[in-house]
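Good morning, colleagues. Please have the sequence and the structure open in front of you while I speak.

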Amino acid sequence: MSKTNIPYKIYLNEHEMPKQWYNVRADMKHKPAPLLNPQTLKPMTVEELSGVFCTELAKQELDGTTAYIDIPEEIVKFYKMYRPSPLVRAYCLEEKLQTPAKIYYKFEGNNTSGSHKLNSAIAQAYYAKKQGLKGVTTETGAGQWGTALSMACAYFDLDCKVYMVKVSYEQKPFRREVMRTYGASVTPSPSETTEVGRKILAEHPGTTGSLGCAISEAVEAAVGTEGYRYVLGSVLNQVLLHQSVIGLETKAALDKYSITPDIIIGCAGGGSNLGGLISPFMGEKLRGEKNYHFIAVEPASCPSFTRGKFAYDFCDTGKVCPLAKMYTLGSGFIPSANHAGGLRYHGMSAILSQLYDDGLMEARAVEQNAVFEAAEQFARIEGILPAPESSHAIRAAIDEALKCKETGEEKTIVFGLTGTGYFDMVAYEKFNNGEMSDYVPTDEDLKPGFDSLPNI
């Protein structure tokens with residue numbers, strides 16, 4: 001199909017929206033290893049998980065065989081406020097790079113929360129409300145997940161308690177205030193409000209926090225408060241399931257114009273965006289129907305895939321959550337405070353970890369200045385100020401397009417633009433002032449985390 005016949009933005013109508021989520025585990029030959037009970041080291045059951053998560057979400061978490069799960073009508077109704085999201089042809093970027101590559105991005109920033117996180121937040125809030133709960137607790141890194149969950153809880157009239165990684169709490173006050181505007185309480189983590197928070201502060205005075213710390217506090221608060229459950233914005237199987245709406249829409253939009261991507265790229269912190277984007281395409285690859293090149297892009301300062309170990313590890317710093325087999329830097333790993341993005345979790349989704357270990361996708365680690373160079377280039381050319389997280393994928397997409405320029409190959413590249421960066425201006429300011437560092441942990445820095453991995 002000629003270039004002129006493909007619009008800048010490919011929209012689906014509301015009737016073309018997915019009515020089911022896709023569970024990639026159903027097509028995986030090697031299933032992700034089961035979550036383990038931290039006390040018994042035996043696989044978690046629905047009953048055990050239901051003490052922490054909503055019961056229906058616990059069932060979704062452990063379901064490795066059902067390929068398609070119906071999206072409840074109330075969630076579909078909410079999705080229609082901002083979905084389907086556009087698939088955009090980056091014509092201006094292609095022209096500026098003088099590349100024969102065709103570049104598309106799936107833009108998930110067209111809702112008030114500013115990111116893809118709302119796709120799972122509304123689902124998890126729905127199941128909490130359906131179960132008759134009073135509220136939920138959670139953690140957030142850069143703040144996208146906390147913002148999305150506060151919106152979803154406001155919609156269903158649920159209380160929302162957010163533990164925000166301390167460095168982000170201090171660096172991103174506007175993101176914090178959006179959460180409070182939607183009715184959430186926001187606590188910098190680690191804090192003095194929980195037993196595990198006090199313990200972490202005693203062991204690491206002055207720590208800037210991590211997602212692992214914040215998860216521990218949120219779980220403790222949920223388990224210790226009647227009528228509350230804990231919800232999580234990434235990593236978990238249930239979250240990748242909900243986020244599959246991104247990939248399903250992307251595939252439907254591409255199919256509309258008979259476009260087959262060669263390369264699919266996503267940023268990777270815990271795995272929600274990447275897993276959601278690639279799931280239906282990965283399903284085709286697993287079934288032997290098509291072949292795609294998948295690229296996971298993570299920060300060099302928190303390199304779970306590229307330098308982590310594939311092992312069972314605790315999902316949180318306080319070691320109260322189940323153990324997952326994943327690529328991990330160790331549950332005690334705390335990224336440098338100089339790291340500006342929200343991709344700061346010590347581990348990676350068990351699903352994506354297994355796919356990566358099976359050689360079904362590539363992983364790259366990129367440094368901060370290169371990421372922000374790509375972010376500003378994209379903003380100036382395509383007119384969207386991208387989130388730092390999304391900009392990891394932009395960096396790799398530009399690099400791949402430049403390779404095509406060198407070789408003359410006309411590859412089709414698709415990447416996930418997970419959200420906007422309007423609440424990340426402190427990071428942009430540091431980059432513009434030449435104050436951003438490219439800190440990369442040494443092997444010696446990573447050793448304590450690896451040494452603390454459970455012997456399982």
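Where is the place of Ser258? Ser258 sits in the loop between α11 (237-256) and β10 (263-267). Before I go further, please keep in mind that this is a predicted model.

I begin with backbone geometry. Most residues other than glycine have a negative phi, and most peptide bonds are trans. Ser258 is not a glycine, yet its phi is positive, at about 55 degrees. Because its relative accessibility is 66%, Ser258 counts as exposed. Asp157 is another residue other than glycine with a positive phi, near 55 degrees. Asp157 belongs to the loop between α6 (144-155) and β7 (159-165), and with 64% relative accessibility it counts as exposed.

Two peptide bonds also deserve attention. The bond from Arg83 to Pro84 is cis, with omega near 0 degrees. Pro84 is found in the loop between α3 (73-79) and β4 (87-89). Ser189 and Pro190 are likewise joined by a cis peptide bond, where omega is about 5 degrees. The loop that holds Pro190 runs between β8 (185-189) and α9 (195-203).

I turn now to the strands. Seven of them form an open sheet with mixed pairing, in the order β1-β4-β5-β15-β10-β11-β14. The edges are taken by β1 (9-10) and β14 (362-366); each has a single partner strand, so one side of each is left without a neighbour in the sheet. Within the sheet, strand β5 (residues 102-107) pairs with strand β15 (residues 412-417) in the parallel sense, over six bridges. Phe107 has Leu417 of β15 as its bridge partner.

Strand β7, which follows the loop of Asp157, also has a parallel partner: strand β6 (residues 135-140) pairs with β7 over six bridges. Here Thr140 has Met164 of β7 as its bridge partner. Is β7 mostly covered or mostly open? It is mostly covered, with five of its seven residues buried.

Next, the interior. In soluble globular proteins, nonpolar side chains tend to be buried together. In this model, the largest nonpolar core has 73 residues, and those with the most contacts inside it are Trp21, Tyr79, Phe305, Leu352 and Met361. Helix α5 (residues 118-130) provides the largest share of this core, eight residues. Which residues does Met361 touch? Leaving aside residues up to four places away in sequence, Met361 touches Leu274, Ile278, Met282, Phe294, Ala296, Phe305, Leu352, Leu355 and Tyr356. There is also a second, separate core of 36 residues, which includes Ile398, Cys404, Ile413 and Met436.

Ile398 leads me to the last topic, a helix pair. Two packed helices are described by the angle between their axes and the distance between the axes. For helix α15 (residues 368-382) and helix α16 (residues 388-407), the angle is about 85 degrees and the axes are 8 Å apart. Angles of 65 to 115 degrees count as roughly perpendicular, so α15 is roughly perpendicular to α16. On α15, the contact is made by Ala370, Val371, Phe372, Glu373, Ala374, Ala375, Gln377 and Phe378. On α16, it is made by Pro388, Ser391, His392, Ile394, Arg395 and Ile398. By character, the residues of this contact divide into nine nonpolar, three polar and two charged. Ile398 thus appears both in this contact and in the second core.

Thank you for your attention.

Key. Residues are numbered from 1 along each chain as its sequence is written. This is a predicted model: local features need pLDDT of at least 70, side-chain atom pairs count only at pLDDT 80 or more; totals for chains, interfaces and linings use all residues. Side-chain values use heavy atoms; hydrogens and water are left out. Axes are lines fitted to C-alpha atoms, for helices over the stretch in contact, and angles run from 0 to 180 degrees between N-to-C directions. Helices (H or I, at least four residues) and strands (E, at least two) are DSSP runs, numbered from the N terminus. Angles under 35 degrees count as roughly parallel, over 145 as roughly antiparallel, 65 to 115 as roughly perpendicular and the rest as oblique. Contact means heavy atoms within 4.5 Å. Ala, Val, Leu, Ile, Met, Phe, Trp, Tyr, Cys and Pro count as nonpolar, Asp, Glu, Lys and Arg as charged, and the others, Gly among them, as polar. Buried means under 20% relative accessible area, exposed over 50%, partly exposed in between (1.4 Å probe, protein chains only). A nonpolar core is a set of buried Ala, Val, Leu, Ile, Met, Phe, Trp, Tyr and Cys residues joined through side-chain atoms within 4.5 Å. Two strands pair if DSSP finds at least two bridges between them.
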